[in-house]
Amino acid sequence: MNKWATRIAQTLAERTTLDAYRRRRSMQSLPNNQLVVEGRRYLNFAANDYLGLSHSLPLIAAWQEGAALYGVGSGGSGLVTGYQAPLENLEAKLADWLGYERAIVYPSGFSVNQAVIKALIDKDDWIIADKLSHASLLEAAMLAKGTLKRFVHNDVSALIQQLDKAHEHEAASLVITEGVFSMDGDEAPLKDMATVAEVTPDCLWMVDDAHGIGVNGREGRGTCDAQGVKPDLLIVTFGKAFGLNGAALLCSDAMAEYFTQVSRPLIYSTAISPAHAHALSKAVDLIRKMDAERAHLQALIAHFKKEMAALGIENASNSPIQPVIIGSNEASLRVSDALKSRNIWATAIRPPTVPPNSARIRITLNAAHSFEQVDQLIEAMHHALSR
């Protein structure tokens with residue numbers, strides 16, 4: 001066995017031993033939060049489809065209309081043939097909605113986070129990131145030319161200490177956090193962070209609001225809007241509340257022009273299809289009018305938290321992300337399997353995605369769930385935990 005084969009075999013064996021082996025399964029997502037896996041139907045509590053738009057008939061119609069009008073592929077990067085009218089219209093609509101001069105659309109949230117950090121950071125710069133920032137942010141920061149410093153999760157005093165050190169080294173700094181954290185569902189103290197960033201010389205502030213956009217704020221403008229702040233760089237993704245996929249960077253005119261010149265993932269990636277951009281524009285229109293759905297979602301969250309607290313499971317998250325911390329990998333897999341036996345699909349999230357000994361069932365609620373469906377989940381969770 002050569003070195004490559006040995007390395008691969010050892011990694012797979014290690015993941016199996018630690019109950020950390022990941023598997024992709026062929027699935028079929030259906031309306032009304034139904035999921036078919038290997039011929040069996042489940043009630044889906046694992047998707048990030050927070051407003052239930054992934055099966056929206058108006059969105060499906062918009063995609064079909066876009067395909068009929070513009071075709072199904074952009075044919076090239078945005079600097080060749082990809083920057084077509086639907087994409088231009090989408091970026092203008094996002095900028096207007098979210099209150100920025102410009103928006104730049106990328107193929108995915110992972111790629112935009114990588115792109116921003118790579119394009120901005122030079123060898124003498126500091127990246128100061130919340131310890132629980134998403135893997136796309138931390139991986140890009142670790143691979144960047146500059147110095148990565150991580151501060152204690154949501155601890156503004158720890159952030160200030162790192163910024164003071166950066167100032168001592170005469171370093172420009174990029175502060176990174178999330179609006180809503182993907183595994184715990186808690187929010188960053190954005191108001192306090194904004195106050196710090198505004199008075200710190202040579203500091204840029206970036207917020208990834210993948211899990212807050214569409215759910216929080218006026219007309220779903222996100223967590224920054226809800227907390228009354230405006231970061232220098234705002235990342236929003238379309239794979240959650242939008243019900244689609246892709247992402248966008250919101251920024252100033254000058255910053256947008258800078259990325260157009262130097263961002264390799266933007267320059268060399270095929271632009272999203274015009275049909276996709278046309279559907280995303282429709283999604284923005286829908287999201288802005290979904291106050292009733294957002295209110296229903298908040299009622300579901302409150303109901304779930306109350307009933308789980310009665311079972312002895314307290315959760316600080318007020319977002320659709322409701323983690324149930326189990327601890328060990330093995331135990332979390334047993335709970336997930338017990339839920340599946342009750343036709344509930346809720347996956348076990350294990351290290352390294354979450355810290356050691358904090359494996360969990362990551363429950364996600366959405367506006368298309370009913371109270372009856374949430375009660376079905378609660379009953380199944382009581383059964384699974386009691387086992």
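This is a short tour of one structure, stop by stop. The model is predicted.

**Stop 1: the two domains**

Colour the protein chain by domain. Domain 1 covers 25–49 + 290–384, and domain 2 covers 57–286. Their centres, taken over C-alpha atoms, are 27 Å apart. Now show the contact between them: 19 residues take part from domain 1 and 17 residues from domain 2. The two domains bury about 1200 Å² between them. Carbon and sulfur atoms account for 56% of that area. On the domain 1 side, select N48, R294 and I321. These three lose the most area to domain 2, together 37% of what that side buries.

**Stop 2: the open sheet**

Switch to a ribbon view and find the open sheet of seven strands. Read across it in the order 4-10-9-8-7-5-6. The pairing is mixed. Which strands sit at the edges? They are strand 4 (102–106) and strand 6 (147–151), and each pairs on one side only. Look along the sheet to see its twist, which averages 20° from one strand to the next.

**Stop 3: strand 10 and its partners**

Select strand 10 (247–251). Strand 4 pairs with strand 10 in the antiparallel sense, over five bridges. Pick A103 to see one position there: its bridge partner in strand 10 is L250. On to strand 9, which runs antiparallel to strand 10 and is joined to it by four bridges. Here V236 has A248 as its bridge partner in strand 10.

Next, show the side chains of strand 10. A247, L249 and C251 point one way, while A248 and L250 point the other way. In a regular strand, side chains alternate between the two faces of the sheet. Is strand 10 enclosed or open to the outside? Five of its five residues are buried, so strand 10 is largely enclosed by the rest of the structure.

**Stop 4: from strand 9 to strand 5**

Select strand 8 (residues 203–208) together with strand 9 (residues 233–237). They run parallel and are joined by three bridges. V207 stands opposite L234 in strand 9.

Move on to strand 7 (173–178). Six bridges join strand 7 to strand 8, and the two run parallel. V175 has W205 of strand 8 as its bridge partner. Strand 5 also pairs with strand 7 in the parallel sense, over four bridges. W126 stands opposite S173 in strand 7.

Show the side chains of strand 7. S173, V175 and T177 point one way, and L174, I176 and E178 point the other. Six of the six residues of strand 7 are buried, so this strand is largely enclosed by the rest of the structure.

**Stop 5: helices on the sheet**

Select helix 4 (residues 109–120), which packs on the sheet. Helix 4 touches strand 4, strand 5 (126–130), strand 7, strand 8, strand 9 and strand 10. Its direction makes about 160° with that of strand 9.

Then add helix 3 (residues 85–98), which packs on the sheet too. Helix 3 touches strand 4, strand 9 and strand 10. Its direction makes about 130° with that of strand 4.

**Stop 6: the largest nonpolar core**

Select L94, F242, I363 and L365. These have the most contacts inside the largest nonpolar core, which has 81 residues. Helix 11 (residues 274–288) gives the largest share, seven residues. Where does this core lie? Both domain 1 and domain 2 give residues to the core, so it lies between them.

Zoom in on L94. Leaving aside neighbours within four places in sequence, L94 is in contact with A103, V105, F238, F242, A248, L250 and V284. Another core, of 28 residues, lies apart from the largest one. Among its residues are A140, A247, M255 and L266.

**Stop 7: A367**

Finish at A367, in the loop between strand 14 (359–364) and helix 14 (371–386). Is A367 buried or exposed? It is buried, with a relative accessible area of 13%. Show what surrounds A367: not counting residues up to four places away in sequence, it touches Y50, L51, E293, H296 and L297. Last, select R294. A367 and R294 are 73 residues apart in sequence, and 6.6 Å apart in space, C-alpha to C-alpha. R294 also appeared at the first stop, among the domain 1 residues that lose the most area to domain 2.

Terms used:
Residues are numbered from 1 along each chain as its sequence is written. This is a predicted model: local features need pLDDT of at least 70, side-chain atom pairs count only at pLDDT 80 or more; totals for chains, interfaces and linings use all residues. Side-chain values use heavy atoms; hydrogens and water are left out. A nonpolar core is a set of buried Ala, Val, Leu, Ile, Met, Phe, Trp, Tyr and Cys residues joined through side-chain atoms within 4.5 Å. Buried means under 20% relative accessible area, exposed over 50%, partly exposed in between (1.4 Å probe, protein chains only). Domain bounds come from an automatic or database domain assignment. Contact means heavy atoms within 4.5 Å. Two strands pair if DSSP finds at least two bridges between them. Axes are lines fitted to C-alpha atoms, for helices over the stretch in contact, and angles run from 0 to 180 degrees between N-to-C directions. Buried area is the accessible area (1.4 Å probe) that two parts lose on being put together, summed over both.
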